[in-house]
Amino acid sequence: MKLYLVPTPIGNLDDITYRAVKILQSVDAVLAEDTRNSGILLKHLNISKPLYAHHAHNEHHGTNGIIKLLKEGKVLALVSDAGTPAISDPGFLLVRECLKQGIEVECLPGATAFVPALVNSGLPADRFIFEGFLPHKKGRQTRLKNLVEEERTIILYESPHRLLKTLEQLAEFLGIDRQACVSRELTKVFEENIRGTLSEILLHYQSNPNTIKGEIVIVVAGKA
C-alpha cells in the first residue's frame, strides 16, 4: 500500500517527467482533481488506469474510502489538474490521514507554477513567502495588512476575474511603486510576464482587460 503524489504539467504536456510517467503506468488507480482533465493527460501518455475523483468538494468525506483501498494493498497516485498536489489544490487532508494510518506517502518532484514565476520575475528568489490565494472576503484585509512589513518576496495565485481587484489592493497596502511581476499561462503558447511597479502593471491590465485569462501568479518584491 502506497500513495504517490505526482506533479503534472502546468501547461506544456512535455514537462511531465519520465519518473512520473513510470509511476502512473505502475499504479492501480489514479485519484484526480478533475477526471476529465486527467483523462486527457493519461490518453496523451497512452496510459489506461481507473480514475477516481478527489477534489475540494469531496475530499473530506472521500478520504476514508481511499484509505480503505490503500489498506487493501492498492498503490494509488494523486494528481491535480496542473502542478503538484496539495499546493493550493486537494491533497493535504489525504496525506495527513495516510501518515496517521501508517501508509507510505511519496511525493515526486516536478511542476508547480510559483517556481518559474518567481525565478523569471527578476525579483530576489533567495527568500520568499508563498501565500497561495488570498481569502475572497473574510480575512482578506488582515492578510494584506500582514504583508505590508514582509521583507521576503511575496508570491500569490489569482484568478482572472479577481486580478484587477487584487492588484489595486496590493498597490493600496504595499505602495504603488513596489516592484512586481504578473505571470500568466506559464509554459503555454501565450505565456506572458508583465513586470514593473504595481501601478504600471495595474494600468497595463486596465488598458488590456481582454488579456486577463488563464492561470495567474503574482510576484511582489518585499519591503526594502
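1. A disulfide is taken here as a pair of cysteine sulfur atoms within 2.5 Å. By this rule, the count for the structure, which is a predicted model, comes to zero disulfides. Cys-98 is in no disulfide, and the nearest cysteine sulfur to its own, that of Cys-107, is 13 Å away. Cys-107 is likewise in no disulfide, its nearest cysteine sulfur being that of Cys-98, at 13 Å. The distance of 13 Å between these sulfur atoms is not within the 2.5 Å cut-off, and therefore Cys-98 and Cys-107 are not counted as a disulfide.

2. The surroundings of the two cysteines should be described separately. Cys-98 has a relative accessibility of 0% and counts as buried. Cys-107, by contrast, is partly exposed, with a relative accessible area of 43%.

3. On the aromatic residues, the structure holds four aromatic pairs. One of them joins Phe-114 and Phe-128: the ring centres are 6.1 Å apart and the planes stand at 55°, so this pair is classed as tilted. Phe-114 belongs to helix 5 (residues 114-121) and Phe-128 to strand 6 (residues 128-133), so the contact ties together parts that are 14 residues apart in sequence. Phe-114 counts as buried, at 12% relative accessibility, whereas Phe-128 is partly exposed, with a relative accessible area of 34%.

4. Phe-114 also forms an aromatic pair with Phe-130, and this one is stacked, with 4.7 Å from centre to centre and 25° between the planes. Here too the pair links distant parts of the chain, since Phe-114 lies in helix 5 and Phe-130 in strand 6, 16 residues apart. Phe-130 counts as partly exposed, at 27% relative accessibility.

5. Which residues make up the aromatic cluster that includes Phe-114? Phe-114, Phe-128, Phe-130, Phe-133 and Tyr-157 form one such cluster. Both pairs described above, Phe-114 with Phe-128 and Phe-114 with Phe-130, join members of this cluster.

6. Turning to internal space, the structure holds one cavity of 30 Å³ or more. The largest cavity encloses about 30 Å³ of space. Its lining is formed by Pro-7, Thr-8, Pro-9, Asp-15, Ile-16, Thr-17, Gly-110 and Ala-111.

7. By class, four nonpolar, three polar and one charged residues line the largest cavity. The charged class includes Asp, and the charged residue of the lining is therefore Asp-15. Gly counts as polar under the classification used, so Gly-110 belongs to the polar part of the lining.

Conventions. Residues numbered from 1 in each chain as written. Predicted model: local features only at pLDDT ≥ 70, side-chain atom pairs only at ≥ 80, totals over all residues. Heavy atoms only, no water. 1 Å grid on protein atoms, 1.4 Å probe; cavity = no way out; pocket = protein on both sides within 12 Å on 5 of 7 lines; lining within 4 Å. Points joined across faces, edges and corners; volume = space filled by probe spheres on them. Buried < 20%, exposed > 50% of the residue type's maximum accessible area, 1.4 Å probe, protein only. Phe/Tyr/Trp six-rings, centres within 6.5 Å; stacked < 30°, edge-to-face > 60°. Helix = DSSP H or I, 4+ residues; strand = E, 2+ residues; numbered from the N terminus.
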